[in-house]
Amino acid sequence: MNPATVLSERVETWRLKGRLEEFRGRRIHTFFQDGEGPLLVLLHGFPTCSYDWHDLVDLMPGRAILAFDFLGFGLSDKPRDHTYTLSWQADLTEELICRHWPDKPATVCAHDLGTSVATELLARDLASELRFELAGMLLFNGSILVERSNPTLAQKLLRGPLGPLAARFSNEAFFRRQFASVFGGAHPMTDADATDYWGLMTFNDGNRLGHKLVSYMDEREIYADRWHGALSRWKGDLRLAWGMQDPVAVPDILDGLLEMRPDLPVIRMPELGHYPQMEDPQRFARVLRESMPAGDSSL
């Protein structure tokens, strides 16, 4: 850990609830809670980590839950020499599910960047290549249709030709402004939230990797046919939820997804922004209860 990085007490509590597990020589911070199934797999977004779910999991003490930091994020390793791809993160997701919940069904709940990992899992399931039984999936507030999204200034800078420079000179004040801008008006970002996440980003100098991590936006264009096709054709229990005040994964994306699949059940959260699970964990817990596969009453 960068000696200049100090994790808040809340983040330290979350760190101690999980552990580091190895995958392909990399250490991945993993939280697993045994309980009733199907296993609920929580996939986080950019630029945050599994800490996004810390309040939510406290509301589900009896549920089997898996939440982890993708490589390059949060408390996981942040190698400088790695080419960060969503396929690698999907491989990691499959491995951790099979490791913790072998030969039993799992439900995936995915946010932001995690929604593209999730659609890669759908594509693998359609090709009969998925290593676990996918019982259902909930996607929320992800820029799956990247052409309809409204990236933050930070994302634009990191994705552009000066991305490495933007990452190198990232600072807490700029991060706080950008982070606060994506929360809904009813539940604004708190100072404690910003402190927690800046500590997590700067852990192992992760804030210097932003230009590498943001490459997922390019992949959304490169693999659009594969991932959009999977979303259109997968016949399992697929649902959507959306914080309607999201300025990044704007409601126009939700409209586009419903144009692709008019039959998809959707729960709209008019008072919430880009981080519904953080802004109002109790509300989002209710959304999860409503979105679980038929017959699952464990939430």
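Me: How do I read accessibility at Arg168: buried or exposed?
Reply: Buried means under 20% relative accessible area, exposed over 50%, and partly exposed in between (1.4 Å probe, protein chains only). Arg168 has 56% relative accessibility, so it counts as exposed. This is a predicted model: local features need pLDDT of at least 70, side-chain atom pairs count only at pLDDT 80 or more, and totals for chains, interfaces and linings use all residues. Residues are numbered from 1 along each chain as its sequence is written, and side-chain values use heavy atoms, with hydrogens and water left out.

Me: Where does Arg168 lie?
Reply: Helices (H or I, at least four residues) and strands (E, at least two) are DSSP runs, numbered from the N terminus. Arg168 lies in helix α6. Its C-alpha is 7.7 Å in space from that of Asn207, with the two positions 39 residues apart in sequence.

Me: Which residues make the nonpolar surface patch?
Reply: Patch members have over 30% relative accessible area and no salt bridge; like charges are joined within 9 Å, nonpolar side chains (Val, Leu, Ile, Met, Phe, Trp, Tyr) within 5 Å. A salt bridge puts a side-chain nitrogen of Lys or Arg within 4 Å of a carboxyl oxygen of Asp or Glu. Areas come from the Shrake-Rupley method with a 1.4 Å probe; for residues, only the protein chains shown count as cover. Here Leu162, Leu165 and Phe169 form a patch of about 340 Å². Phe169 sits in the loop between α6 and α7. Phe169 is exposed, at 55% relative accessible area.

Me: Which peptide bonds are cis?
Reply: Most peptide bonds are trans, and most residues other than glycine have a negative phi. Gly37 to Pro38 is cis, with omega near 0°. Pro38 belongs to strand β3 (residues 36–43). Phe46 to Pro47 is also cis, with omega near 5°. Pro47 is in the loop between β3 and α2 (54–58).

Me: Which residues have a positive phi without being glycine?
Reply: Asn141 has a phi of about 45°. Asn141 is in the loop between β6 (134–140) and α5, and is buried at 0% relative accessible area. Asp205 has a phi of about 60°. Asp205 is in the loop between α8 and α9, and is partly exposed at 29%.

Me: What volume does the largest pocket have?
Reply: On a 1 Å grid over the protein atoms alone, a cavity is a set of points where a 1.4 Å probe fits but cannot get out; a pocket is an open set with protein on both sides within 12 Å along at least five of seven lines; lining residues have an atom within 4 Å of a point. The largest pocket holds about 530 Å³. It has 31 lining residues; closest to its centre are Phe46, Pro47, Ala154, Leu158 and Met201. At least two lining residues come from each of α5 (153–159), α6 (163–168), α7 (172–180), α8 (191–202) and α9 (210–213).

Me: How many cavities of 30 Å³ or more are there?
Reply: Two, in a search of the whole structure. The largest has about 60 Å³. Its lining includes Phe73, Gln89 and Glu219. α3 (86–100) and α10 (216–222) each give at least two residues to that lining. The second largest has about 40 Å³. Asp112, Ser149 and Arg220 are among its lining residues. α10 gives the largest share of this second lining, three residues.

Methods:
Points joined across faces, edges and corners; volume = space filled by probe spheres on them.
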